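User: I'm new to this one, so could you take a close look at the place where the two chains meet and walk me through it?

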Number of protein chains: 2
Amino acid sequence: MMRTIGLQQIEDIALGASLLGAGGGGDPYIGKLMAMGAIKEHGPITLLDPDEIPDDALIIPMAMMGAPTVLAEKAANGRECRALYDMVSKYFGKKVYAFMPMEAGGFNSMFPIVCSAILGLPLVDVDGMGRAFPELQMVTFTIGGVSATPMALTDEKGNSVLFETISNKWTEELARAVTMSCGGSVAVALYPMDGKTVKQFGVKRIVTRSEELGRAIRSVKESGSLTPEQSFLKFTGGFRLFKGKISDVLRETRGAFNVGTVVLDGIADCKGKKAQVEFQNENLTATVDGIIVATVPDLICLVDTETFLPITTDALKYGKRVLVVGLPCFEMWRSPKGLELVGPRYFGCDTDYIPLEVRAQGVR
Amino acid sequence: MMRTIGLQQIEDIALGASLLGAGGGGDPYIGKLMAMGAIKEHGPITLLDPDEIPDDALIIPMAMMGAPTVLAEKAANGRECRALYDMVSKYFGKKVYAFMPMEAGGFNSMFPIVCSAILGLPLVDVDGMGRAFPELQMVTFTIGGVSATPMALTDEKGNSVLFETISNKWTEELARAVTMSCGGSVAVALYPMDGKTVKQFGVKRIVTRSEELGRAIRSVKESGSLTPEQSFLKFTGGFRLFKGKISDVLRETRGAFNVGTVVLDGIADCKGKKAQVEFQNENLTATVDGIIVATVPDLICLVDTETFLPITTDALKYGKRVLVVGLPCFEMWRSPKGLELVGPRYFGCDTDYIPLEVRAQGVR
């Protein structure tokens with residue numbers, strides 16, 4: 001149902017989306033500040049349920065592309081939203097009906113809100129991942145055969161590029177090269193779609209789910225016989241994979257990605273055990289004492305043991321105490337086509353995909 | 001004056017342009033085959049003198065971008081010419097009046113002829129360098145403040161990209177990144193201009209000059225009291241810098257450029273001396289016994305000692321006997337703005353520009 005998104009909703013969406021970001025999707029604090037600034041200046045935005053949009057409406061996903069560490073240093077501004085809007089409108093010779101996010105994440109859930117506020121267009125409550133992924137072809141729309149192009153790209157300096165490619169993997173390849181040349185982060189409009197396609201392949205009501213998750217995280221407390229941790233796991237539907245203290249973070253920026261490993265020493269009931277989480281912008285695998293307990297496309301989330309605030313891969317620090325939680329991914333990712341796009345083998349992990357519910361049985 | 005370019009003219013233009021390529025501009029043999037194929041299929045093309053084109057006509061330079069070694073392996077085909085033409089026409093919503101070359105060189109003098117033949121459009125007898133240079137901002141039009149964008153790029157697979165940048169250096173930066181991702185060579189349409197701008201800043205009648213040089217090279221012989229070598233130097237207006245045998249070629253492909261050094265042991269009157277020529281696609285400096293005898297933007301050309309056929313940097317081989325010849329560059333390159341763009345310091349050579357006529361005094 002159509003409703004309005006103002007400052008309080010943004011606070012919650014940013015928080016919840018940064019949990020769904022599974023370590024990626026960028027810094028929720030920067031994203032939140034940007035969105036709040038835009039809403040303070042231009043007023044609240046309208047959120048549309050996907051079922052409310054006309055089949056022939058032109059819907060444009062808006063996102064930032066690049067390494068989250070760089071993104072946090074050079075956030076987008078109004079010029080970029082307008083430049084992308086102009087490029088897409090000119091290309092189609094048709095009015096854009098609404099924007100939508102591409103992924104759930106601290107930054108990429110916020111950037112489309114900024115665009116909506118600045119351009120006075122509604123936002124659709126849908127995305128193409130239901131989480132965050134590092135490469136642009138990794139969306140449910142690719143499974144549906146939708147082209148990522150025409151794709152518009154612009155940087156903060158004023159350079160802009162329009163891509164038309166033979167496959168979404170080629171879009172990723174070429175846009176990534178330009179992103180690196182532009183300094184590691186850019187703003188993009190891609191997967192232009194009609195309303196019908198959005199409804200058919202999108203992850204529906206993900207903005208609302210982010211908001212609900214965010215609200216719940218902010219108010220985690222003991223409830224009845226449940227500890228705060230149990231209560232957190234209950235409302236997220238999460239699997240408790242490990243509890244530990246970060247003892248090492250290995251990180252490098254490679255091809256405009258943040259790639260690395262975080263090593264954890266067990267605490268509380270996990271004392272004596274060791275875990276590690278591999279990531280490429282987002283967390284890819286979680287391993288406890290040499291046994292894999294979760295892999296992409298399921299969500300592996302690290303949250304603070306006291307506040308349950310999600311910790312993105314760019315904010316990992318020695319000494320932090322974290323709970324490692326697994327969340328089942330959107331069902332379309334578990335299909336053969338989905339696993340070809342975002343299964344563990346795509347990311348170079350030498351294991352088949354086994355659903356989180358099975359993998360995590362031993363540790364729950 | 002308007003005239004027709006057929007097979008014999010192509011033979012001469014390719015040969016002459018490959019001398020003006022100063023080691024770069026790609027393989028004249030491959031370029032020639034492409035152009036001849038296109039003319040056999042579509043008929044001769046029309047060459048227009050720059051003074052014949054209307055001031056408001058839309059003129060599009062067409063070129064291949066990338067490392068000459070790669071270019072020779074994957075030459076462009078008709079699809080690319082048409083794709084670029086369509087992108088440019090769509091962007092301007094206006095008919096393209098004629099094509100023109102961007103640089104003189106074995107390959108890039110031929111590709112615009114291919115485009116003209118396939119699309120049935122005339123070619124203008126002008127370019128933006130009067131030689132070949134490795135980066136796309138290195139044209140007289142940059143000195144004139146003309147933007148390289150909108151620039152269209154396409155590869156042999158069918159990917160295409162449209163750039164709009166804040167400076168021509170940024171066009172180079174972004175287009176180079178895409179060129180590398182596309183496998184090291186692509187076809188481009190850039191510096192779209194009106195006829196007035198072409199006339200104001202272009203290097204006029206360079207196609208005709210290439211043709212005359214080519215014809216002269218093919219017919220070099222003793223004439224009167226002149227040896228073939230003296231006769232070659234006379235009609236090219238060249239400075240004889242060195243004569244030697246190639247004793248080493250150091251070459252690497254770096255950032256879609258062919259970069260390296262060729263080392264020469266003197267022969268004939270140069271016996272006992274050593275020379276080396278540095279290159280980045282094109283020859284940058286010539287040094288004899290430690291003394292620089294020529295630098296960019298003047299042309300440093302290596303030709304066979306017997307046939308006087310130019311040797312491009314991608315064809316350098318141990319044992320070849322070559323004459324190193326210097327040719328003065330187009331006057332606009334010797335201005336402060338010109339030297340900022342293409343002077344020796346831009347290429348990392350630690351020397352000021354001194355005109356060839358002065359440098360070569362000692363060796364002539």
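Analyst: A quick definition before we start: to compare the copies, they are superposed by least squares on the C-alpha atoms of residues with pLDDT of at least 70 in both. Keep in mind that this is a predicted model. Done that way, chain B lands on chain A after a rotation of 180 degrees, with 0.0 Å of shift along the axis and an RMSD of 0.0 Å. The two copies are thus related as by a two-fold rotation axis. Looking for a landmark in chain B? Try Leu162(B), whose C-alpha is the one nearest the axis, 2.5 Å from it.

Now for the contact itself. Chain A puts in 17 residues, and chain B puts in 17 residues. On the chain B side, strand S8 (160-164) and helix H7 (168-181) each supply at least two of the residues that touch chain A. H7(B) gives the largest share, with seven residues. Sort the chain B side by character and you get nine nonpolar residues, five polar and three charged.

The strands deserve a look of their own. S8 of chain A, residues 160-164, is joined to S8(B) by five bridges, and the two run antiparallel. You can pick out one pairing by eye: Ser160(A) stands opposite Glu164(B) in S8(B).

One last point ties this together. Of the interface residues of chain B, 100% are also interface residues in chain A, so the copies meet through the same surface.

Note on methods:
Residues numbered from 1 in each chain as written. Chains lettered and ligands numbered in written order. Predicted model: local features only at pLDDT ≥ 70, side-chain atom pairs only at ≥ 80, totals over all residues. Contact = placed C-beta atoms within 7 Å. Helix = DSSP H or I, 4+ residues; strand = E, 2+ residues; numbered from the N terminus. Nonpolar A, V, L, I, M, F, W, Y, C, P; charged D, E, K, R; others polar. Pairing = 2+ DSSP bridges.
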